[in-house]
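Reader: I would like a close look at a single part of this model. Please keep it brisk.

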Amino acid sequence: MGSEGMQVVFFRGAGRIQPVQRFLEELEPAERRAATDNQVDRLSALSTDDPPLPAPWDEQVEVELRALRIRVGRDVFRVIYRRSGTLFILLHAFGERFPVIPEDEVRIARRNNARSKVVRRSAASGLDTPIGLSLEAHIAAAELDHEYRGARARLDPFEQVARLLIRHRMDHGLSQTQLAERTGISHSVVSRIETGQHRTNLETLGKMALALGRRLIISFEPQP
């Protein structure tokens, strides 16, 4: 059987509140929110056969729990999630204060993880599943706002390059430092590019392509 695509969904708790979606929706301005959504959406690009995203963007927290590390400007966010079959379930999100995830944040994630496995029965609506909205639907709704939609469009070419580098590192088991050494580009530049928020000049892209045994292709394509 071949690999399948993964879907990213929000945990839905008591009162039908989706804590990670609420966290994402409250980020301002629109560019900051779009950049964060882009980095969470990298999970959607994975298949069932893929390993987790490479460091420093993902780390194991506990047996069932992993954490995305999201950089937006000077801010760093964490999103703790678990995998269930073809689903990545987003359980808890918070701003990073320390390099090590605080125990109180892990406790919240553990609690939400336990609740994500229980189907509740409501007198009003019958069965109430703990699986909420998909990330795809969340982004589609956010794009109804023209500022957010414009921010996503501006960031799209940067995010595409970021995902190419991250995918190459995943496929070849490389750290950011090793990729920097192979391409002759500083670690800090590789790290900035992988945030999906920074313009990369053609010279840097050309050096990367050559070092990775790839061709750099530039074209004009019709807009969707």
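Which residues of helix H8 (residues 202-211) are buried? Please go on from there to what surrounds them.

Author: This is a predicted model. The buried residues of H8 are Thr204, Leu205, Met208 and Ala209. Seen down the helix axis, they fall within an arc of 135°, so they line one face of H8. The general rule behind such a pattern is simple. An α-helix has 3.6 residues a turn, so residues three or four places apart point the same way.

Now the other side. Leu202, Glu203 and Leu210 are exposed, on the face of H8 turned away from its buried side.

What covers the buried residues? The cover includes three helices: H5 (146-172), H6 (176-183) and H7 (187-194).

Next, the two ends. At the start of H8, Asn201 offers a side-chain oxygen, which comes to within 3.2 Å of the backbone nitrogen of Glu203. Glu203 is also one of the exposed residues on the outward face. Just after H8 comes Gly213, with a positive phi of about 70°.

H8 also takes part in the largest pocket. The volume of this pocket is about 1200 Å³. It is lined by 28 residues, and those closest to its centre are Pro157, Gln160, Val161, Leu164 and Ile217. H5 and H8 each supply at least two residues of the lining. H5 gives the most, with eleven residues. H5 therefore appears twice around H8: it is among the helices that cover the buried residues of H8, and it lines the largest pocket along with H8.

Helix H3 (residues 103-115) can be read in the same manner. Its 13 residues, at 1.5 Å a residue, should span 18 Å, and the end C-alpha atoms are indeed 18 Å apart. The buried residues of H3 are Glu105, Val106, Ala109, Asn112 and Asn113. Down the axis of H3 they fall within an arc of 125°, so they too line one face. They pack against strand E1 (7-11), helix H1 (19-25), strand E4 (75-84) and strand E5 (87-95).

Between E1 and H1 runs a loop that holds Gln18. Gln18 has 12% relative accessibility and so counts as buried. A polar atom of the Gln18 side chain lies 2.6 Å from the backbone nitrogen of Leu133. Setting aside neighbours within four places in sequence, Gln18 is in contact with Phe10, Phe11, Arg12, Gly132 and Leu133.

How values were computed. Residues numbered from 1 in each chain as written. Predicted model: local features only at pLDDT ≥ 70, side-chain atom pairs only at ≥ 80, totals over all residues. Heavy atoms only, no water. Buried < 20%, exposed > 50% of the residue type's maximum accessible area, 1.4 Å probe, protein only. Helix = DSSP H or I, 4+ residues; strand = E, 2+ residues; numbered from the N terminus. Arc of directions from axis to C-beta. Contact = heavy atoms within 4.5 Å. Polar contact = N/O pair within 3.5 Å; in protein donor to acceptor, adjacent residues only side chain to side chain. Expected span 1.5 Å × (residues − 1). 1 Å grid on protein atoms, 1.4 Å probe; cavity = no way out; pocket = protein on both sides within 12 Å on 5 of 7 lines; lining within 4 Å. Points joined across faces, edges and corners; volume = space filled by probe spheres on them.
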